[in-house]
Amino acid sequence: QGQLVESGGGLVQAGESLRLSCAASGRTFRDYSMGWFRQAPGKEREFVATITRSGGVTYYADSVKGRFTISRDSDKDTVYLQMNSLKPEDTAVYYCNSGGIATMAGSYWGQGTQVTVSS
């Protein structure tokens, strides 16, 4: 069935950067749009960014637009989320997702990676 495996989370200070990675394992996800969602404590999971199968179209939540960049490497079957100018309100568990459309999530989820931004 395959898995999505996230990595790259950690603890940083406000204003710093992190790059998250999401690698396919056990099957390919090259034929699907890929996205990132996040869930902060006590809040619902929310959309962050999506990239289409070809990589030609991207979508971003207003809260991260201009700071975060989603990209994909089809040869490596990996999706990235470059996060710059991080803010404490970006603190959340970040989940990789596959099969969604625009800002809507698809069926496949990774296990999540924690991002903590201190002020």
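Biologist: Which residues line the largest cavity?

Modeller: Rolling a probe the size of a water molecule over the atoms shows where empty space is left. In this predicted model, where local features need pLDDT of at least 70, side-chain atom pairs count only at pLDDT 80 or more, and totals for linings use all residues, the largest cavity (points on a 1 Å grid where a 1.4 Å probe fits but cannot get out, lined by residues with an atom within 4 Å of a point) is lined by Arg-30, Arg-72, Asp-73, Ser-74, Asp-77, Thr-78 and Val-79. Residues are numbered from 1 along each chain, and side-chain values use heavy atoms, without hydrogens and water. Four of these lining residues are charged, two polar and one nonpolar, and strands β7 and β8 (DSSP runs of E, at least two residues) each supply at least two of them.

Biologist: How many cavities of 30 Å³ or more does a search of the whole structure find?

Modeller: The search finds one, with a volume, the space filled by probe spheres set on the points, of about 30 Å³.

Biologist: Which residues touch the most other members of the largest nonpolar core?

Modeller: In soluble globular proteins, nonpolar side chains tend to be buried together. Here the core (buried nonpolar residues joined through side-chain atoms within 4.5 Å) has 28 residues, of which Trp-36, Leu-81, Met-83 and Tyr-94 touch the most other members. Among the elements giving two or more residues are β7 (68-73) and β8 (78-83), while β5 gives the most, with four.

Biologist: Is Asn-97 in strand β9 buried or exposed?

Modeller: Asn-97 is buried (under 20% relative accessible area, with a 1.4 Å probe, whereas exposed is over 50%), because its relative accessible area is 2%. Its side chain reaches the backbone oxygen of Tyr-108 at 2.9 Å.

Notes:
A polar contact is a pair of N or O atoms within 3.5 Å; within protein, one must be able to donate a hydrogen and the other to accept it, and residues adjacent in sequence count only if both atoms are side-chain atoms. On a 1 Å grid over the protein atoms alone, a cavity is a set of points where a 1.4 Å probe fits but cannot get out, and a pocket is an open set with protein on both sides within 12 Å along at least five of seven lines; lining residues have an atom within 4 Å of a point. Ala, Val, Leu, Ile, Met, Phe, Trp, Tyr, Cys and Pro count as nonpolar, Asp, Glu, Lys and Arg as charged, and the others, Gly among them, as polar.
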